[in-house]
Amino acid sequence: MSANALYPLKLRPALHTKIWGGRRLNTLMGKPLPGSELYGESWELHDTATVANGPMRGVHVGDLARTFGAELLGSGNNPEDGFPLLAKLIDASEWLSIQAHPNDEQAQELEGDPRGKSEAWVVLHAEAGAQLVIGLRRGTSREEMAEAIRCNRLEELLVYVEVKAGDALFIPANTIHALGPGLLIYEIQQASDVTYRLYDWGRLGLDGQPRELHIDKGVQVANLDSLPRVVQPEGDLLVDCAYFRTWRHVLSGRGLAIETQGRFQSLTCIAGKCVVEVAAHEAIELSLGETGLIPACFDIFRIRGAGTILRSSQR
């Protein structure tokens, strides 16, 4: 199949139930949720997301990556490793587990995976007093950390910070972190699911059993020297790291022309609605909670309408 077959893609996410989830993906982001189960994550851009428009409707994004390679992903990516970034919407009604992720080198050494996991959060909704965990108290040793986990008292060492809507936080690999209750966030990350769970608040999983902890590996990779910083970005650029960038575009009826620079563009509508246009192709409309993907082979595209878009691409 030739690259000429590509066009602006509207995506259908993969939804995930979670013990700590809720229903705000529906009530705040407009997503239809099956049944009455608790949904914690909507994987907007991922190998398991599917195309919702045009001739490739129903095809998984991972299959498109293998079919089109650099025309979809841009240069420097191995299509066999899957889509390099994962964009999520996350609804936390309870504390998520305390966890840390390996960096690229550690993921390859410890798991045989091609990439580690650095991520960033953009807070879309926060109830009063909502908090994050961003690390452990300064001066904590690995031995003290491991002992606290085994004695079920890691909570005593955690560093908490309150957040509000509009806050952004870059979480490098190795950071000890967790989302707290009352938060709805947009997450952009390296596409890796390698998670070392350090502490789970003593609860049981959906199967009624305690969820597995990964103490040895988690303690090994944990960053005990520095804490990430929560910011309220003033301009469009919210996050800029070695793996990805994320912008927030408030359209207010104005049109915006964006050059892709040979990188795919993930577009998630977090307010209102907009139209995304690429010359000689049918436009796609993105409403609240919907995500589109502009393949890397297109040089430029336009967004117009009255809404707010979170745009992410590789660095």
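# A tour from loop to core

Start at Asp299, in the loop between β20 (291-294) and β21 (300-314). Helices (H or I, at least four residues) and strands (E, at least two) are DSSP runs, numbered from the N terminus. This is a predicted model, where local features need pLDDT of at least 70, side-chain atom pairs count only at pLDDT 80 or more, and totals for chains, interfaces and linings use all residues. Residues are numbered from 1 along each chain as its sequence is written, and side-chain values use heavy atoms, with hydrogens and water left out.

**Stop 1: Asp299.** Show the surface here. Asp299 counts as exposed, because its relative accessibility is 63%. The cut-offs: buried means under 20% relative accessible area, exposed over 50%, and partly exposed in between (1.4 Å probe, protein chains only). Now select what Asp299 touches. Beyond its neighbours within four places in sequence, Asp299 is in contact with Ile258, Glu259, Thr260 and Gln261. Contact means heavy atoms within 4.5 Å. Then draw a distance to Ile98. The C-alpha atoms of Asp299 and Ile98 are 41 Å apart, with their positions 201 residues apart along the chain.

**Stop 2: the whole chain.** Zoom out and colour by secondary structure. The protein chain has 6 helices and 21 strands. Its radius of gyration is 19 Å, close to the 20 Å from the globule rule for 315 residues, so the chain is as compact as a globular protein of that length. The radius is taken over C-alpha atoms, and the rule is 2.2 Å times the number of residues to the power 0.38. Along the principal axes, the C-alpha trace spans about 60 × 40 × 40 Å.

Of the 315 residues, 54% count as buried. Among contacts with a separation of 6 or more, 77% join residues 24 or more positions apart. The chain exposes about 13400 Å², by the Shrake-Rupley method with a 1.4 Å probe. Carbon and sulfur atoms supply 46% of that area.

**Stop 3: the largest core.** Hide the surface. Select Leu9, Leu72, Phe83 and Leu293. These have the most contacts inside the largest nonpolar core, which has 35 residues. A nonpolar core is a set of buried Ala, Val, Leu, Ile, Met, Phe, Trp, Tyr and Cys residues joined through side-chain atoms within 4.5 Å. Elements that give two or more residues to this core include β1 (9-12), β3 (39-45), α2 (61-68) and β12 (183-190). The most comes from α2, with 4 residues.

Centre on Phe83. Not counting residues up to four places away in sequence, Phe83 touches Leu45, Asp47, Val61, Ala65, Leu72, Leu73, Arg115, Ala191, Phe264 and Leu293. Another core lies apart from the largest one. This second core has 23 residues, among them Leu136, Ala146, Ala148 and Val219.

**Stop 4: Ser266.** Move to strand β18 (residues 265-277), which holds Ser266. Is Ser266 buried or exposed? Ser266 counts as buried, because its relative accessibility is 0%. Outside its neighbours within four places in sequence, Ser266 is in contact with Leu45, Ala87, Thr291, Gly292, Leu310, Arg311 and Ser312. Leu11 is 255 residues away along the chain, yet the C-alpha atoms of Leu11 and Ser266 are separated by 9.9 Å.

**Stop 5: Glu187.** Next, select Glu187 in strand β12. With a relative accessible area of 3%, Glu187 is buried. Leaving aside neighbours within four places in sequence, Glu187 is in contact with Leu86, Ala87, Lys88, Ile90, Glu119, Ala120 and Trp121. Draw a distance to Leu38: it is 19 Å from Glu187, C-alpha to C-alpha, and 149 residues away in sequence.

**Stop 6: two backbone angles.** Which phi does Asn152 have? Asn152 has a positive phi of about 60°, although it is not a glycine. Look for Asn152 in the loop between α5 (142-150) and β9 (158-162). Its relative accessible area is 49%, so Asn152 is partly exposed.

Now go to Ala280, in the loop between β18 and β19 (284-287). Ala280 also is not a glycine and has a positive phi, of about 70°. Ala280 is exposed, with a relative accessible area of 84%.

**Last stop: Gly58.** Select the loop between β4 (50-51) and α2, where Gly58 sits. Gly58 is partly exposed, at 43% relative accessible area. Apart from neighbours within four places in sequence, Gly58 is in contact with Thr50 and Val51. Trp43 is 15 residues from Gly58 in sequence and 15 Å in space, C-alpha to C-alpha.
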